[in-house]
Amino acid sequence: MDEARQLQEGALRKHLQINGEKHPATQIACENLAITMQRQQDWANARALFSALVRTRIETYGETHLETLNPMTRLARVCLEQKDYTAARALFEHVVNARVATVGEAHPETRSAMYNLGSTLRDLDESSAEAALFERVYRADSAALGPEHDDTLRSLEQWAMSAFEAADYARSTALWGELAAIRERKSGASDVSTLNALDTQANSFQKHGDSASARRIRERLVRSEEHTSELQSQFRISY
């Protein structure tokens with residue numbers, strides 16, 4: 001990797017000398033070297049190079065062009081590695097807004113950007129903002145993919161988790177219940193994804209002060225566990 005980096009550093013110096021920093025070949029060389037630094041976990045140098053590249057791309061292509069947003073996303077991830085969550089948030093918010101404006105909320109690249117922003121908001125302990133964001137993702141997924149698509153269920157789970165962390169237990173309880181019902185229809189009552197959703201719904205009920213509902217769900221979980229153990233025992237005997 002060190003040899004590759006030395007070659008890339010030499011290529012970048014050559015392109016800068018011959019072509020200048022705004023030439024496409026120079027920008028490609030800059031990006032390649034920055035990616036190598038990122039892979040080597042050389043966060044400080046990677047951040048400096050990605051920052052320079054983003055500035056050049058904005059001047060060349062504008063703030064919403066794909067050629068700008070890709071290194072901006074990498075820059076934001078480097079900021080996360082440096083635990084500079086405020087800088088990462090600002091960058092991811094720009095990427096999300098640009099993606100929404102150019103390709104819409106349901107586009108996979110927009111969804112990816114939203115998930116990046118959501119994880120950053122979680123790092124910042126901004127659970128209410130995170131919940132609002134994943135509600136947007138869920139509604140876009142549901143409209144584009146259908147309410148029971150795996151990607152839709154993933155965003156519904158993220159929304160439910162962030163609502164719980166935001167202490168919005170009424171909303172969290174309803175969302176976990178909706179997720180559990182869909183998981184049960186798709187995978188069965190004893191599937192681990194169904195049981196996990198029910199368990200978290202029980203926690204939400206408990207936090208919301210509804211101990212009776214929490215107890216009913218936990219009793220169901222115990223019965224399901226006992227039934228599974230019985231089936232496993234019967235299988236071992238028959239085998």
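Leaving aside its neighbours within four places in sequence, which residues is Leu 156 in contact with?

**Exercise 1: Leu 156 and the core**

Take the residue from the opening question and find its contacts in this predicted model.

*Solution.* Start at Leu 156 and skip the neighbours within four places in sequence; the contacts that remain are Tyr 138, Leu 175, Glu 178, Leu 179 and Ile 182. Next, look at the wider setting: the largest nonpolar core has 51 residues, and Leu 156 is among those that touch the most other members, together with Leu 49, Phe 50 and Trp 159. As background, nonpolar side chains in soluble globular proteins tend to be buried together.

**Exercise 2: The span of helix H2**

Work out whether the end-to-end distance of H2 agrees or disagrees with its number of residues.

*Solution.* First, count the residues: H2 has 16. Second, use the rise of 1.5 Å a residue, taken over one less than the number of residues, which gives an expected span of 22 Å. Third, compare this with the end C-alpha atoms, which are 23 Å apart, so the two agree. Finally, step just past the helix, where Gln 41 takes a positive phi of about 60°.

**Exercise 3: Inside and outside on H2**

Decide whether Ala 25 is buried, partly exposed or exposed, and find what the buried residues of H2 pack against.

*Solution.* Begin by placing Ala 25 in helix H2, residues 24–39. Its relative accessibility is 23%; because buried needs a value under 20% and exposed one over 50%, Ala 25 counts as partly exposed. Now look for partners farther along the chain: beyond four places in sequence, Ala 25 is in contact with His 15 and Asn 19. The C-alpha atoms of Ala 25 and His 15 are 6.9 Å apart, with their positions 10 residues apart along the chain. Other residues of H2 are buried, including Thr 26, Ala 29, Leu 33 and Ile 35. The buried residues of this helix pack against helix H1 (2–19), H3 and H4.

**Exercise 4: Two cysteines**

Explain why Cys 30 and Cys 79 do not form a bond.

*Solution.* Recall that a disulfide is a covalent bond between the sulfur atoms of two cysteines. The test asks for sulfur atoms within 2.5 Å. The closest cysteine sulfur to that of Cys 30 belongs to Cys 79 and lies 15 Å away, so it is too far for a bond. Cys 79 is therefore in no disulfide, and the count comes to 0. Both residues can also be sorted by accessibility: Cys 30 is buried at 10%, and Cys 79 is buried at 2%.

Note on methods:
Residues numbered from 1 in each chain as written. Predicted model: local features only at pLDDT ≥ 70, side-chain atom pairs only at ≥ 80, totals over all residues. Heavy atoms only, no water. Helix = DSSP H or I, 4+ residues; strand = E, 2+ residues; numbered from the N terminus. Buried < 20%, exposed > 50% of the residue type's maximum accessible area, 1.4 Å probe, protein only. Contact = heavy atoms within 4.5 Å. Core = buried A, V, L, I, M, F, W, Y, C linked by side-chain atoms within 4.5 Å.
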